[in-house]
Amino acid sequence: MLRFLVRRSLGAIVILLLISAFTFFLFFAAPRDPALLACGRNCGPDALAIIHKNMGLDQPVPVQYWHFMAGIFTGRDFAQGPCPAPCFGYSFATGDAVWNTIVDRFPITLSLTIGAAAVFLFVGLATGMLAAWKQGTLLDKLFSSASLVLSSMQIYFIGPIVLTLLVYNTNLLGQPKYVPITEDPVGWFMGLLIPWCVLSIIFTAQYTRMARSAMIEQLQEEHVRTARAKGMSAATVFFRYAWRGSLIPIVTIFGIDLGTLFGGAMITEVTFALPGLGTLSIESVLRTDLPTVMGVMLFAATFIILFNIIVDAAYALIDPRVRLA
Amino acid sequence: MFQENSARGHFAMTSPSQTAVTKTDTPGLGPDSATSKKGKNGALAGRSPGQLMWARFKRDRTGVISAFIVLSFFALGAFAPLISKFYGKDPWTRYGQTTPGLLVNQYPAGPNGGISSDFWFGLEPGLGRDVFMQLLYGIRNTLGLAVAVTIVSVLTAIVLGVAAGYFGGRTDYFIGRLIDLLMAFPNQLFYVAFVPVVTAIFVAPEDEIPFWMRCTILILVLWFLGWMSLARLLRGQVLSLREREFIEAAKISGASPWRIIRRELVPNVMTPILVQTTYMLPNFVTSIAGLSFLGVGLVEPTPDWGRMFANAADYYHNDITYLFFPGVAMVLFIVAFNLLGDSVRDAFDPKRAR
């Protein structure tokens with residue numbers, strides 16, 4: 001297990017280096033001067049020179065990349081002042097340290113993701129298994145067709161509809177907003193309730209379909225038949241044997257989804273005007289704030305890779321046949 | 001594919017490539033799938049795998065209906081200019097502003113977003129354009145882009161996947177690592193971030209970006225992370241196919257690797273290719289719409305499906321009708337396409353009964 005984790009972590013570092021290099025060179029090696037992009041339309045030569053100096057853009061790109069990567073681990077000194085250890089540079093647009101902005105915005109994305117994941121994992125698995133349990137009945141057909149339609153929904157379509165129904169027309173709930181949980185747990189919960197539900201509608205539908213088909217597949221396995229033949233009750237077989245086997249594909253997908261969502265649920269955050277990482281990245285993209293985009297990109301990629309490793313390690317715990325060499 | 005679970009192809013800008021819903025398709029429908037031919041007068045008529053598939057597909061009512069819906073969307077898109085001529089309006093004219101009385105305080109005067117016999121789906125709040133025409137041309141542009149990305153991605157997946165599986169060794173290793181690397185990209189963020197960057201590489205900031213250039217950039221960026229799951233799937237299939245006797249026979253009879261790939265391998269993996277394509281295309285549609293919603297897709301005045309949602313976001317407090325038509329159209333299209341995908345898969349796989 002330890003050897004597996006070490007090997008996978010080394011691989012992850014290589015992949016992160018490649019992603020950072022690819023992104024960096026495309027961003028900064030473009031024939032266009034990134035300072036010019038940063039500066040916008042009304043940009044005088046003075047402002048340009050300041051940006052150049054601040055960003056170290058007067059040096060060749062590989063040197064800039066080296067400084068950038070070294071800065072992440074050791075920190076570096078900019079004209080604005082020193083930038084301590086995890087240094088991703090300063091934003092072109094606001095002049096804030098990119099790392100501080102990410103740290104500021106991340107709790108919002110984290111709250112959104114964890115709440116939604118709890119909802120869709122629980123509800124999705126429960127309905128999926130219920131549908132598999134009652135396979136072929138009216139209930140199964142109802143769940144299956146509902147999940148088919150709901151999984152084809154778009155957040156930017158149902159989000160406004162839910163807001164209109166619950167907020168603007170009836171005032172049942174307030175406008176979605178983020179309040180730190182440390183300040184006001186109730187406000188945190190109420191403010192994020194609508195985004196959680198809307199984000200999880202689509203996921204729930206997909207998890208229902210996945211859980212149902214994984215469960216049905218498992219119920220046809222030989223070990224399940226043997227267990228039944230030995231006289232175990234249907235419930236025992238269902239929950240102790242088939243359930244465990246059906247978890248494997250779901251854990252994989254759940255890991256991927258969680259890793260992706262931690263990097264920012266862009267559409268949801270934009271739809272509900274929540275200032276998380278997703279909103280930050282789209283704001284920075286529209287302002288061509290390259291250092292911030294670069295920072296969020298690496299941050300998000302780290303989560304995706306991290307969760308891939310966690311998923312592989314989790315296999316070994318769920319499925320005793322899997323040996324991590 | 002622009003749903004938040006993007007990483008697996010449903011957007012979450014889900015890129016189809018990472019969706020890799022590996023359907024276990026049997027590659028056995030190839031040249032040796034013993035279609036018995038006993039002559040024209042014999043009791044048994046020979047039928048090609050394609051004919052068998054078609055016969056099974058025709059019996060599947062859900063599949064036929066969804067195929068009909070999907071085809072209607074493509075037809076509506078393709079004939080949008082013709083429909084525009086008969087309908088008498090175009091998606092660019094601001095009817096609400098040129099004709100007094102249609103818009104009051106930015107919002108359509110009539111009930112339900114101004115639906116009338118003149119404006120079937122009502123008027124756009126603010127600019128007062130015709131919603132029916134906007135939607136039609138939006139579908140046209142979005143589907144056109146999605147088809148282009150799908151074709152390019154599938155071709156890339158065939159070339160790289162089959163090459164990796166057939167040649168093995170170092171080729172396989174490098175293509176495999178490339179796929180691993182691209183899979184680790186946060187694809188939603190990648191699409192959003194790279195559309196402006198790639199645009200900046202090709203077009204000077206002071207220049208107007210031509211329409212075809214925007215389309216090319218969108219196709220390029222979506223393609224970049226769009227081909228991996230199919231390529232990985234094909235690699236696996238080819239890996240097992242290349243050990244089979246008919247490949248050996250072809251090799252012994254002196255066929256070149258290119259000929260073996262073209263004439264022996266690719267026909268045998270057509271089933272997974274077709275099935276995966278029907279899953280990829282709707283994902284690309286939602287991705288493109290998601291990009292437009294976030295503001296990095298096609299821009300005004302080009303009519304665009306996804307941007308209608310972004311426009312609707314400014315007005316839905318007072319006029320939800322404008323959101324309704326593009327939304328329902330998209331749900332209908334995606335549901336129909338997903339059902340079609342399932343039916344195609346079932347039709348190709350005789351062992352799988354619904």
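The following legends describe close-up views of a predicted model.

**Figure 1. Overview of chain A in the predicted model.** Chain A contains 13 helices and 2 strands. Of its 325 residues, 51% count as buried. When contacts in chain A between residues at least 6 apart in sequence are considered, 67% join residues at least 24 apart. The exposed area of chain A is about 15,400 Å², and carbon and sulfur atoms supply 67% of that area.

**Figure 2. The aromatic pair of Trp99(A) and Phe299(A).** Over all chains, the structure holds 41 aromatic pairs. In the pair shown here, Trp99(A) and Phe299(A) are arranged edge-to-face, with 6.1 Å from centre to centre and 70° between the planes. Trp99(A) belongs to helix H5 (residues 98–133) of chain A and Phe299(A) to helix H13 (residues 290–318) of chain A, so the pair ties together parts that are 200 residues apart in sequence. Phe299(A) is buried, at a relative accessible area of 15%, whereas Trp99(A) is partly exposed, at 26%.

**Figure 3. The aromatic pair of Phe238(A) and Phe239(A).** The rings of Phe238(A) and Phe239(A) also meet edge-to-face, with their centres 5.2 Å apart and 75° between the planes. Phe238(A) is buried, having a relative accessible area of 4%. Phe239(A), by contrast, is exposed, having a relative accessible area of 51%.

**Figure 4. An aromatic cluster in chain A.** Ring pairs link Phe24(A), Phe25(A), Tyr65(A), Phe68(A), Phe88(A), Trp99(A), Phe106(A), Phe262(A), Phe299(A), Phe303(A) and Phe307(A) into a cluster. Trp99(A) and Phe299(A), the edge-to-face pair of the second figure, are among its members.

**Figure 5. The interface of chain B and chain A.** The contact draws 56 residues from chain A and 51 residues from chain B. The size of an interface is often expressed as the accessible area lost when the parts come together. Between chain B and chain A the buried area is about 4,400 Å², and carbon and sulfur atoms give 77% of it. Across this interface 1 salt bridge is found. The side chains of Asp342(B) and Arg209(A) meet in a salt bridge with an N to O distance of 3.7 Å.

**Figure 6. A charge over a ring in chain B.** The charged end of Arg177(B) sits over the ring of Tyr173(B), at 4.9 Å from the ring centre.

**Figure 7. The surroundings of Val269(B).** Val269(B) is placed in the loop between helix H13 (257–268) and helix H14 (270–294) of chain B. Its relative accessibility is 0%, and Val269(B) counts as buried. Leaving aside residues up to four places away in sequence, Val269(B) touches Leu234(B), Gln237(B), Val238(B) and Leu241(B). From C-alpha to C-alpha, Val269(B) and Ile158(B) are 9.2 Å apart in space, while 111 residues separate them in sequence.

**Figure 8. The surroundings of Val195(B).** Val195(B) lies in helix H9 (residues 187–202) of chain B and is buried, with a relative accessible area of 7%. Not counting residues up to four places away in sequence, Val195(B) touches Ile217(B), Leu218(B), Val221(B), Leu291(B) and Val296(B). Of these contacts, Val221(B) is 26 residues from Val195(B) in sequence and 6.6 Å from Val195(B) in space, C-alpha to C-alpha.

Notes:
Residues numbered from 1 in each chain as written. Chains lettered and ligands numbered in written order. Predicted model: local features only at pLDDT ≥ 70, side-chain atom pairs only at ≥ 80, totals over all residues. Heavy atoms only, no water. Phe/Tyr/Trp six-rings, centres within 6.5 Å; stacked < 30°, edge-to-face > 60°. Helix = DSSP H or I, 4+ residues; strand = E, 2+ residues; numbered from the N terminus. Buried < 20%, exposed > 50% of the residue type's maximum accessible area, 1.4 Å probe, protein only. Lys NZ or Arg CZ within 6 Å of the ring centre and 35° of its normal. Contact = heavy atoms within 4.5 Å. Areas by Shrake-Rupley, 256 points an atom, 1.4 Å probe, with all protein chains shown as cover. Buried area = accessible area lost by both parts, 1.4 Å probe. Salt bridge = Lys/Arg side-chain N within 4 Å of Asp/Glu carboxyl O.
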